[in-house]
Amino acid sequence: MKAFVIAESADAQKELCAGARTLADDVLLVSIGRAPQTGVADVAYHIELPEGELVENAYDTVAALYDETNPDAVIFEPTARLKIVGGRLAAHAGTSVMSDITALDGEQAISLYFGGLATKTQQATGERAFYSSNGSAFANAEASGTDVVETRAFVAPERALKLRGTHEVPHVGADLGRASVIVGAGRGFAHVEDLDLARDLASAVHGEIACSRPLAENEKWLPKNLYLGVSGRMVSPKVYFAIGISGQMQHMIGVHNADVIVAINKDQNAPVFSQADFGLVGDLHEALPALVEKLS
């Protein structure tokens, strides 16, 4: 069996190739533009990307490589660009994508649905299986391979996407999907300056800061890449601190895979306490400095 991996980031290349190795004897890695990781696949293909060219326009090159290698399974990183490439490739193969899988058991793919309220198990009905995953599903798998890299020239498409303009999207902090400890801030933080209390706690526990949707969407105190919930990021840290967060379903769905949830809220009736492993009723201005002192 042969697996075809398409990924942008170095971490995803390694983790998706490790996952592919559990499926197939031969693992092929495709990297568009940047040099691929070595030692994680049997062959790594480097698709050269002309300066200023869009990753999405490399689809024809990827499709030609897919036809040449004829893989049984495809796993791709669900970045904005590769969703387009992977989705088109699945259509080219006459199948659909099993999206954002959280685990792979043989050929059965497990993922969340209904906004994370339930899980579903899927399996390809045809000869080809397509999966998208950020790599966290394969955290316990080991990548292996060679240092063989083959360079493929970019094939310009007949109808290319054109870049009309750009604007900067703020992105701060580490990838929350890989963070082992996350400190989440909610509406209990009345002023933007209060977020320094959450940052101090995150520093003390060697974690990353995140937030509920209102702080990113409404208040704009933190960038959108840091909000957790049904319309934000889904994470599975070892420990999640829910600070000043009421515990509404829309947020808690994003963190329900945490090993341990610690809640701090001044409202003893806040729904978050029914979902937390440990809870502390108190004002965050008093509770957080005390925690930081104990944990530092």
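# Exercises on a predicted model

The UniProt record, in an unreviewed entry, lists residues 175-255 for "domain: Electron transfer flavoprotein alpha subunit C-terminal". The model used in these exercises is predicted.

## Exercise 1: The annotated span

Determine how far apart the ends of residues 175-255 lie, and what share of the span is helix and what share is strand.

Solution.
- Step 1. Take the C-alpha atoms at the two ends of residues 175-255; their separation is 15 Å.
- Step 2. Read off the secondary structure of the span: helix makes up 23% and strand 17%.

## Exercise 2: The whole chain

Compare the radius of gyration of the protein chain with the value from the globule rule, and describe the chain's overall make-up.

Solution.
- Step 1. Count the elements: the protein chain has seven helices and 15 strands.
- Step 2. The radius of gyration is 21 Å, and the globule rule gives 19 Å for 296 residues; the two are close, so the chain is as compact as a globular protein of that length.
- Step 3. Along the principal axes, the C-alpha atoms fill a box of roughly 65 × 40 × 35 Å.
- Step 4. Of the 296 residues, 44% count as buried.
- Step 5. Consider contacts between residues at least 6 apart in sequence: 61% of them join residues at least 24 apart.
- Step 6. The accessible surface comes to about 15,100 Å², and carbon and sulfur atoms account for 47% of this area.
- Step 7. The chain carries 23 positive and 38 negative charges, and the mean positions of these two sets are 5 Å apart.

## Exercise 3: Helix α4 and the residues after it

Identify which residues of α4 are buried and which elements they pack against, then describe V205 and H206.

Solution.
- Step 1. Helix α4 covers residues 195-204, and its buried residues are L195, L197, A198, L201, A202 and A204.
- Step 2. In general, an α-helix has 3.6 residues a turn, so residues three or four places apart point the same way.
- Step 3. The buried residues of α4 pack against the strands β11 (181-185), β12 and β13 (239-243), and against the helices α5 and α7 (284-295).
- Step 4. V205 sits in the loop between α4 and β12.
- Step 5. V205 has a relative accessibility of 16%; the cut-off for buried is under 20%, so V205 counts as buried.
- Step 6. Setting aside neighbours within four places in sequence, V205 is in contact with V181, V183, F241 and L295.
- Step 7. V205 and S296 are 91 residues apart in sequence, while their C-alpha atoms are 7.5 Å apart.
- Step 8. H206, just after α4, takes a positive phi of about 55°.

## Exercise 4: Two positive phi angles

Give the phi angle, location and exposure of N70 and D100.

Solution.
- Step 1. Start from helix α2 (residues 59-69), where Y59, T61, V62, A63, L65, Y66 and T69 are buried.
- Step 2. N70 follows α2 and lies in the loop between α2 and β4.
- Step 3. N70 is not a glycine, yet its phi is positive at about 55°.
- Step 4. The relative accessible area of N70 is 44%, and N70 is partly exposed.
- Step 5. D100 lies in the loop between β5 (97-98) and β6 (101-105).
- Step 6. D100 is likewise not a glycine and has a positive phi of about 50°.
- Step 7. D100 is partly exposed, with a relative accessible area of 44%.

## Exercise 5: Classifying P78, S212 and A118

Decide whether each of P78, S212 and A118 is buried or partly exposed, and list the contacts of each.

Solution.
- Step 1. P78 is in the loop between β4 (73-76) and α3 (80-92).
- Step 2. The relative accessible area of P78 is 19%; with buried set at under 20%, P78 is therefore buried.
- Step 3. Beyond four places in sequence, P78 touches K83, D100, S132, S133 and N134.
- Step 4. P78 and Y131 are 53 residues apart in sequence and 9.3 Å apart from C-alpha to C-alpha.
- Step 5. S212 occupies the loop between β12 (208-211) and α5 (213-217).
- Step 6. S212 is buried, at a relative accessible area of 7%.
- Step 7. Not counting residues up to four places away, S212 touches A185, G186, R187, Y227 and H251.
- Step 8. A118 belongs to strand β8 (residues 118-122).
- Step 9. At 23% relative accessibility, A118 counts as partly exposed.
- Step 10. Apart from neighbours within four places in sequence, A118 is in contact with S111, L112 and Y113.
- Step 11. The C-alpha atoms of A118 and I253 are 9.9 Å apart, with the two positions 135 residues apart in sequence numbering.

Note on methods
Residues are numbered from 1 along each chain as its sequence is written. This is a predicted model: local features need pLDDT of at least 70, side-chain atom pairs count only at pLDDT 80 or more; totals for chains, interfaces and linings use all residues. Side-chain values use heavy atoms; hydrogens and water are left out. UniProt positions are given in the numbering used here, feature names are shortened, and annotations may be inferred rather than shown by experiment. Helices (H or I, at least four residues) and strands (E, at least two) are DSSP runs, numbered from the N terminus. Buried means under 20% relative accessible area, exposed over 50%, partly exposed in between (1.4 Å probe, protein chains only). Contact means heavy atoms within 4.5 Å. The radius of gyration is taken over C-alpha atoms; the globule rule is 2.2 Å times the number of residues to the power 0.38. Accessible areas come from the Shrake-Rupley method with a 1.4 Å probe; for residues, only the protein chains shown count as cover. Lys and Arg count as positive and Asp and Glu as negative; His and the chain ends are not counted. The place of a charge is taken as NZ of Lys, CZ of Arg, CG of Asp or CD of Glu.
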